[in-house]
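Dear colleague,

Please find below the structure that I am handing over to you, together with its sequence. My notes on it follow.

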Amino acid sequence: MSAMPDPDPQATSSHMMKTTKRGRPYLKDTLDLFATLIVSLELGPHKQFFKTFPHSFTTDEAAQNLASLKFSQSNRGPDPREPTRVVTTTTTTTFSMTREMAKAMSQHFMDARLIENATDPSSNLFKDRGVYQLTPKGLHVLERFISKNGINSDHLQPVFTSQPICVKLLHLERRASDDEIIVTQSVITALFRRFVGRQPNIQSSTDKPMDAFQKYNERSKGISLMEVTERGQPAMGKPSQVHRHCFQAVAALEWLCDFTSVVGREEAAEMAAQFVRFGLITLVSDKRKNNDSAIIFTVRGSAPGGNSPVSQQGEFRCTAKAIYKITDEGRRLAHWDTSRGVTSQESPSASSTNLTANRSSVEASSDNLDSKKANDASAKIHRRISLAEKLNANYEADKKNSKESNTERLRYILEEPGLRSLFREFLRGNFCEENLSFWVDVEDFKKKFNITSSAMAVTPASRPGNRATPGQAAMERHHETLINTAFIIYNNYLAPSSQCELNIDHGLRNELVKYLEEVITSVTGKPFTGRIEPEQASAFNATQLATMIKLYGRIQTHVFRLMATDSVPKFIKTPKFLAMRNWVEDFDPTENDIQLLSAGSPMSPPGLNNSDEVGGAYMTISQQASEREHRQQLSAAAALSSS
């Protein structure tokens, strides 16, 4: 399959997607191509086996779009020859593949747990005549891609609102040379803590029915655990034994594929084998029959020696009958029996030595990885003060610089969807919600101004002779939307007697009004009356919009300081915040553990980013899923208080 920038012949190049030694495309290419495909599809109801599946697509639709898929990305920036002007640069990437290649690519999407068979979610095979839906993990990846690339996703909103979305997805960094997960003690610690959860996720015996959202929420807490009683053998003098915190091997593989960036059961089994090697889980029983097939994954690496629970080899059995349990070392690392505080010995960064993982199966050993290759990328994760401590009202930095600490707190609150939703509720109660609304609207406006993208399947009619490229057409529509957004913000927050008028510095308001007077008078010949009409807004060009963004940015900074100095000190003392402040931690956060959707620079067009990634583990959080979860918590609390 090839990816080709388009349409300038002089700038055209073609290259094949990079694949790993196992034959799958690199993970980043897989995720980007998946999201590009979904954006290009018109998800709708499809019927199979006398049942209709909403927000789905068929094998034929996926193959047809993947046959010639265009991703266009337009970026705005200052003109190098005249910095006061704004120019737009558009890059179009075309993916082309045969039907068989498209089916193979879709199989990779299934292996990564991005899509599933609508009629049989347990099936792992992408069929020639099938109906498919997005998984919660797929929706998380899609939301992140849309946010980073400035894509209009109105046609996908019904999917986001009607299906469960993975709230938190743990990403494991990979080597740029071969796309293998970089295995270190730090990474295994972060992965294991996410795997087992903050508390044991014991299976409930209640018969109360749960909807799809509730079932998924229960699974997301950690691998489902149970008690297993091992029968005694009196003849051998062996009494019966009860094993706590047990789980099925196959369930562990499914969980790792659903809630982390692990791709496929094979890679999930390798991570589970690392759990065994690090002494975190151990085999309880495997009661398969002699003629049952057995796939056993073995990983090897260096062992520290001494009293360390880490061994040189770990083995994980991928059989339907295999049952494992959490060891004492695993419970210690999970902090189930203690507070969430971490000593220096228990810190994820206690060992940052790269550990080479060599894989083998019961039939044959795979190629050993040279230990030197593990040093291609570092997986060091540095311990930092936890978010809970940062947000704590008694954090010691208050004594040194209260203003600075409240600024940091506000940044965390704005980045973390659940806290931001709670903060909005607090501001609403104090009649100043417009401050947060304005900040969020301007932040979104700035992102949309800088970048916009589109994805579409290229039909024969749209290929030759069509002078407007998909990127150019999208940019024209995008410019109209930006103009409307700019003046909706002005009319809602800054116009005299507006519905949500901000209480801002008089000088800032006068500077904005003066600029609008000059522009509107020059382009329309009519005086500025304090409000902007649609016919006046349409006359603005990109350079004038850029100036408005700068002025909005100055007001946004003023509003941010106002919230940090006035609202945050009161908010962090409220009972609801104090009860929720540890919510952000699924495991002890480290420098790279938690990265939110708003962090980082926009994605490059899919398949064209060659920059190396830094090893480690980090978390991405779904804005939509988090806010929906918070609303559900508020509704449940309200229902409980009224009963």
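Which residue is the bridge partner of phenylalanine 297 in β15? In this predicted model, that partner is phenylalanine 316. The pair belongs to a longer pairing: β14 (residues 296-300) and β15 (residues 313-317) are joined by five bridges and run in the antiparallel sense. Strand β14 is mostly covered, with four of its five residues buried.

A second region concerns an open sheet of four strands, ordered β3-β4-β8-β7, with antiparallel pairing. Its edge strands, each pairing on one side only, are β3 (44-48) and β7 (115-117). On average, and with direction ignored, neighbouring strands of this sheet are turned by 60 degrees against each other. At the β7 edge, three bridges connect this strand to β8 (residues 131-134), again in antiparallel fashion. Asparagine 117 has tyrosine 132 of β8 as its bridge partner.

Finally, I turn to a pair of helices. Helix α14 (residues 417-429) packs against helix α19 (residues 542-571) at an angle of about 95 degrees, and their axes lie 11 Å apart. Because angles of 65 to 115 degrees count as roughly perpendicular, α14 is roughly perpendicular to α19. On the α14 side, the contact is made by Leu419, Leu422, Phe423, Phe426 and Leu427; α19 contributes Met563, Ser567, Val568, Lys570 and Phe571. By class, eight residues of this contact are nonpolar, one is polar and one is charged.

Yours sincerely

How values were computed:
Residues are numbered from 1 along each chain as its sequence is written. This is a predicted model: local features need pLDDT of at least 70, side-chain atom pairs count only at pLDDT 80 or more; totals for chains, interfaces and linings use all residues. Side-chain values use heavy atoms; hydrogens and water are left out. Two strands pair if DSSP finds at least two bridges between them. Helices (H or I, at least four residues) and strands (E, at least two) are DSSP runs, numbered from the N terminus. Axes are lines fitted to C-alpha atoms, for helices over the stretch in contact, and angles run from 0 to 180 degrees between N-to-C directions. Angles under 35 degrees count as roughly parallel, over 145 as roughly antiparallel, 65 to 115 as roughly perpendicular and the rest as oblique. Contact means heavy atoms within 4.5 Å. Ala, Val, Leu, Ile, Met, Phe, Trp, Tyr, Cys and Pro count as nonpolar, Asp, Glu, Lys and Arg as charged, and the others, Gly among them, as polar. Buried means under 20% relative accessible area, exposed over 50%, partly exposed in between (1.4 Å probe, protein chains only).
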